[in-house]
Amino acid sequence: MAQDIHQRIARAQAAYVRCIDDGDLDQWPDFFTDTCLYRVTTADNHKRGLTAGMIYAASRGMLIDRIASLRDANIYERHAYRHLLGQPYILSESDSEARSETSFIVARIMRDGSTSLFATGRYCDVYALDGEHVKLRERIVVCDSSRIDTLLALPL
Amino acid sequence: MAQDIHQRIARAQAAYVRCIDDGDLDQWPDFFTDTCLYRVTTADNHKRGLTAGMIYAASRGMLIDRIASLRDANIYERHAYRHLLGQPYILSESDSEARSETSFIVARIMRDGSTSLFATGRYCDVYALDGEHVKLRERIVVCDSSRIDTLLALPL
Amino acid sequence: MAQDIHQRIARAQAAYVRCIDDGDLDQWPDFFTDTCLYRVTTADNHKRGLTAGMIYAASRGMLIDRIASLRDANIYERHAYRHLLGQPYILSESDSEARSETSFIVARIMRDGSTSLFATGRYCDVYALDGEHVKLRERIVVCDSSRIDTLLALPL
């Protein structure tokens, strides 16, 4: 059965968050196209059109570098995330590309077991569609709160 | 590809929560039929068959009025919600109508950036089906907790 | 329209969590095959291959016993859960069986109305597929935190 775009994106999203939540961060850049945009920002800055972000990467290489620096700083073992996503909302769709928005809630679990609601927001995505493959050409992570602490954080 | 009722409802739900979470409250009444029932209540009251609710509206006009009063009270800027929904559970389905229940968790983000788990519960819905269109004829928002503070709150 | 395995599992999951969150615990064992494995453990223990769990059952009969003991201890009325699940991630699939992983976040609502983020983690499942029926042959509930308090708890 042919999958529609909602299902393809929902499954790509499920694989994406599984990768992060399982701690397989080396695989994380593979969800993006070679040239890509990954940016973490706040709802306030996004609404005002400010492009400055707390995290910014313009290529898969930059994403790989970011993961390497997390590894060197020995962040892997310190905490974990648990993402829950909403249904993707499709803004536009063509044969080669789809734009979607997806809500997220992320819980953070520290080594001592304490768990808290870490971040909420939405992914503003551009997916490159190529046959069965679905990759992120652009992901703007718009966090609802301006208080978010991304210092040394895992990717969202 | 024809969509089944799960998908149609899941997508209508995604549009509904996006509307609220993005702050486009003027669009919110459009998710309902002209004559409709919107009620926010607690699990305790719902189980005991009490129809009194913390919020009650019997028409789209009443929903529009509610949004207008929120705007006048300048609530829009004070906080935001982030809804996460479960899969809709279909209770019954005909050509013209479907009944479903859907779990929700809502986080509230205050202007100062503080984020908390605001409400959990389930939507008990009756959807009117008309061709591709799906509108709410009835939404009973059953909050799990009896402590919920709906004073001046955004809709759930 | 034939449902694909993602949809079948997603709907079985929605029914499962609805059963628990509505307090219909007597129905809960029916989601499992006669011979089954249900285990609640932590991410740390799961990663280290330790099979000891906080809850363990090897048959539907043991699940029924557990529910009976909760009833005798009068746990039912003391608190409620609200589960939110992610999309199931399908690891393997055959005509008779599917393996999947699904993220969860569970909020706990106490009788006094206080609500908290109770548990996060993932279900590691083996589903037995038989025509339209989908039953759990195995569910390992892997909680992210090692602090989880399962004393007298409802099932996850």
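This report describes the arrangement of the chains, their interfaces and selected residues in a predicted model.

## Relation between the chains

Two copies of a chain are related by a rotation about an axis and a shift along it. In this model, chain B is superposed on chain A by a rotation of 120°, with 0.0 Å of shift along the axis and an RMSD of 0.0 Å. The two copies are thus related as by a three-fold rotation axis.

Chain B can likewise be superposed on chain C. The operation is a rotation of 120° with 0.0 Å of shift along its axis, and the RMSD is 0.0 Å.

## Interface of chain B and chain A

On the side of chain B, 23 residues are in contact with 24 residues of chain A. The area buried between these two chains is about 1,900 Å². Carbon and sulfur atoms give 54% of that area.

The polar component of the interface of chain B and chain A includes 5 salt bridges. In one salt bridge between these chains, B:Arg111 is paired with A:Asp44, and the closest N and O atoms are 3.6 Å apart. A count of polar contacts across the interface gives 8 residue pairs, both residues being at pLDDT 80 or more. Four elements of chain B each supply at least two residues of the side that touches chain A: helix H1 (5-21), strand E3 (79-85), strand E5 (97-110) and strand E6 (115-130). H1(B) gives the most to this side, with 7 residues.

## Interface of chain B and chain C

Between chain B and chain C, 24 residues of chain B are in contact with 23 residues of chain C. These chains bury about 1,900 Å² between them, with 54% of it on carbon and sulfur atoms. Of the area that chain B buries against chain C, 25% is supplied by B:Gln87, B:Tyr89 and B:Arg147, more than by any other three residues.

The interface of chain B and chain C holds 5 salt bridges. A salt bridge links C:Arg82 to B:Asp144, with 2.8 Å between the closest N and O atoms. In addition, 8 residue pairs are in polar contact between chain B and chain C, with both residues at pLDDT 80 or more. The side of chain B that touches chain C receives two or more residues from each of H1, E3, strand E4 (89-93), E5 and E6 of chain B.

## Strands E4 and E5 of chain A

Within chain A, strand E4 (residues 89-93) and strand E5 (residues 97-110) run antiparallel and are joined by 4 bridges. The connection from E4(A) to E5(A) is a hairpin through 3 residues. Across this pair of strands, A:Ile90 stands opposite A:Ser100 in E5(A).

## A:Glu101 and its surroundings

A:Glu101 also belongs to strand E5 of chain A. Its relative accessibility is 12%, so A:Glu101 counts as buried, the cut-off for this class being under 20%. The side chain of A:Glu101 takes part in a polar contact of 3.3 Å with the side chain of A:Arg122. A second partner lies in chain B: the side chains of A:Glu101 and B:Arg18 are joined by a polar contact of 3.1 Å.

Leaving aside neighbours within four places in sequence, the residues in contact with A:Glu101 in chain A are A:Gln87, A:Pro88, A:Tyr89, A:Leu91, A:Arg122, A:Tyr123 and A:Cys124. From chain B, B:Arg18 and B:Asp22 are in contact with A:Glu101.

## C:Thr102 and its surroundings

In chain C, C:Thr102 is found in strand E5 (residues 97-110). C:Thr102 counts as buried because its relative accessibility is 1%. The side chains of C:Thr102 and C:Gln13 make a polar contact of 2.7 Å.

Not counting residues up to four places away in sequence, C:Thr102 touches C:Gln13, C:Leu85, C:Gly86, C:Gln87, C:Pro88, C:Gly121, C:Arg122 and C:Tyr123.

## C:Ala68 in helix H3

C:Ala68 is placed in helix H3 (residues 60-72) of chain C. With a relative accessible area of 25%, C:Ala68 is partly exposed. The C-alpha atom of C:Ala68 is separated by 35 Å from that of C:Ser94, a residue 26 residues apart from C:Ala68 along the chain.

Definitions and conventions:
Residues are numbered from 1 along each chain as its sequence is written. Chains are lettered from A and ligands numbered from 1 in the order in which they are written. This is a predicted model: local features need pLDDT of at least 70, side-chain atom pairs count only at pLDDT 80 or more; totals for chains, interfaces and linings use all residues. Side-chain values use heavy atoms; hydrogens and water are left out. Copies are superposed by least squares on the C-alpha atoms of residues with pLDDT of at least 70 in both. Buried means under 20% relative accessible area, exposed over 50%, partly exposed in between (1.4 Å probe, protein chains only). A polar contact is a pair of N or O atoms within 3.5 Å; within protein, one must be able to donate a hydrogen and the other to accept it, and residues adjacent in sequence count only if both atoms are side-chain atoms. Contact means heavy atoms within 4.5 Å. Two strands pair if DSSP finds at least two bridges between them. Buried area is the accessible area (1.4 Å probe) that two parts lose on being put together, summed over both. A salt bridge is a side-chain nitrogen of Lys or Arg within 4 Å of a carboxyl oxygen of Asp or Glu.
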